[in-house]
Amino acid sequence: MTDDHRVLLLGPPGAGKGTQGKRLAAEYGLDVITTGDALRNNKEMDISELDVAYDTPGGFMDAGELVPDTVVNEIVVTALSGAEGFVLDGYPRNLDQAEYLSEQTALDHVVFLDVPESVLVDRLTGRRVCDDCGATYHVDFDPPAEAGVCDECGGEIVQREDDTEETVRERLRVYEEETAPVVDHYRETGALAEVSGEGSPDDVFDRLTDLIES
Ligand code: ADP
Ligand code: ZN
């Protein structure tokens, strides 16, 4: 099963990559790999040979600095190489990263989750996350059983600082500038499968499993 389950999920913020990535991972026994988690899990990795400002990824993170592409590349590929099958979410974010990735691994499914901008804004401004375990909710579309309390772990549910309307608009703008070209790149190579991300999470999941199993 492993060989054909290297999945790259692309799409704007709010398209449902996190939601669907988790479901796909559970369905097919895959690792979900996000840049943030990969960085947090490898904070102490020795990157002195990369010749950057700090000797570990944690150095950048603790200083509140942007982690350079070379470091992100190294970390994500280390995470990929330890996985049997994977869902990659949130990487590559730009064309340089996409080029690096293509030198490191083959992908079986490159999927673009297509969702109109007005829907994205509604989803992101209503998104809530568990402060303890990271589970994702939505105030209208996917509320927890008890307001403010995580179904999975009982933790506190909060709004991410970057899910306010103003920040959401800015994130969508940055996405258009940096990451939309990555989508165009995969479209040009013929690798891209475009899937509608509209409708309920179950609807979208059915489309994704159809694609992956076809
Ligand atoms: P991404 O990882 O692409 O940024 P998320 O998976 O975090 O997106 O989803 C963004 C928000 O939209 C979350 O609050 C999530 O609960 C909600 N959401 C995800 N998929 C759907 C859907 N199909 N319909 C309605 N809301 C959704
Ligand atoms: Zn939780």
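**View 1. Strand β1 and how enclosed it is.** Strand β1 covers residues 6–10, and four of its five residues are buried, so the rest of the structure largely encloses it. Buried here means under 20% relative accessible area, exposed means over 50%, and partly exposed is whatever falls in between (1.4 Å probe, protein chains only). Strands are DSSP runs of E with at least two residues, helices are runs of H or I with at least four, and the numbering goes from the N terminus. Keep in mind that this is a predicted model, where local features need pLDDT of at least 70 and side-chain atom pairs count only at pLDDT 80 or more, while totals for chains, interfaces and linings use all residues. As for bookkeeping, residues are numbered from 1 along each chain as its sequence is written, chains are lettered from A and ligands numbered from 1 in the order in which they are written, and side-chain values use heavy atoms, with hydrogens and water left out.

**View 2. The partners of β1 on the β3 and β4 sides.** Two strands count as paired if DSSP finds at least two bridges between them. With β3 (residues 86–89), β1 makes four bridges in the parallel sense; look for Val7, whose bridge partner in β3 is Val87. With β4 (residues 109–114), β1 also runs parallel, again joined by four bridges. Over there, Leu10 has Phe112 as its bridge partner, and Leu9 stands opposite Val111. If you're following side chains along a strand, a handy reminder is that in a regular strand they alternate between the two faces of the sheet.

**View 3. Strand β4 and the whole sheet.** β4 is mostly covered, with five of its six residues buried. Strand β8 (residues 192–196) pairs with β4 in the parallel sense over five bridges, and in that pairing Asp114 has Ser196 as its bridge partner. Zoom out a little and you get an open sheet of five strands with parallel pairing, in the order β2-β3-β1-β4-β8. The edges are β2 (31–34) and β8, each of which pairs on one side only. From one strand to the next, the twist averages 25°, with axes taken as lines fitted to C-alpha atoms (for helices, over the stretch in contact) and angles running from 0 to 180 degrees between N-to-C directions.

**View 4. The surroundings of ligand 1.** There are 17 residues around ligand 1, and the ones that come nearest are Gly18, Thr19, Arg127, Tyr137 and Gly199. A residue makes this list if one of its heavy atoms lies within 4 Å of the ligand. Sorted by class, the shell has six nonpolar, eight polar and three charged residues. In that scheme Ala, Val, Leu, Ile, Met, Phe, Trp, Tyr, Cys and Pro are nonpolar, Asp, Glu, Lys and Arg are charged, and the others, Gly among them, are polar.

**View 5. Polar contacts of ligand 1.** A polar contact is a pair of N or O atoms within 3.5 Å; within protein, one must be able to donate a hydrogen and the other to accept it, and residues adjacent in sequence count only if both atoms are side-chain atoms. A polar side-chain atom of Thr19 sits 2.6 Å from an oxygen atom of the ligand. Gly16 brings a polar backbone atom to 3.0 Å from a ligand oxygen, and Pro201 has a backbone N or O atom 3.2 Å from a ligand nitrogen. On its own, ligand 1 has 560 Å² of accessible area, and the protein covers 92% of that (Shrake-Rupley method, 1.4 Å probe; for residues, only the protein chains shown count as cover). Two elements, α1 (17–28) and β6 (136–138), give two or more residues to the shell.

**View 6. His138 and Thr209, both buried.** His138 belongs to strand β6 and is buried at 7% relative accessible area. Its C-alpha is 18 Å from that of Leu113, 25 residues away along the chain. Thr209 is part of helix α8 (residues 201–213) and counts as buried at 10% relative accessibility. The Thr209 side chain reaches the backbone oxygen of Asp206 at 3.1 Å.

**View 7. Loop details at Pro92 and Asp51.** Tyr91 and Pro92 are joined by a cis peptide bond, with omega at about -5°; Pro92 lies in the loop between β3 and α5 (95–104). Asp51, in the loop between α2 (35–41) and α3 (57–62), has a positive phi of about 60° although it isn't a glycine. Asp51 is exposed, at 72% relative accessible area.
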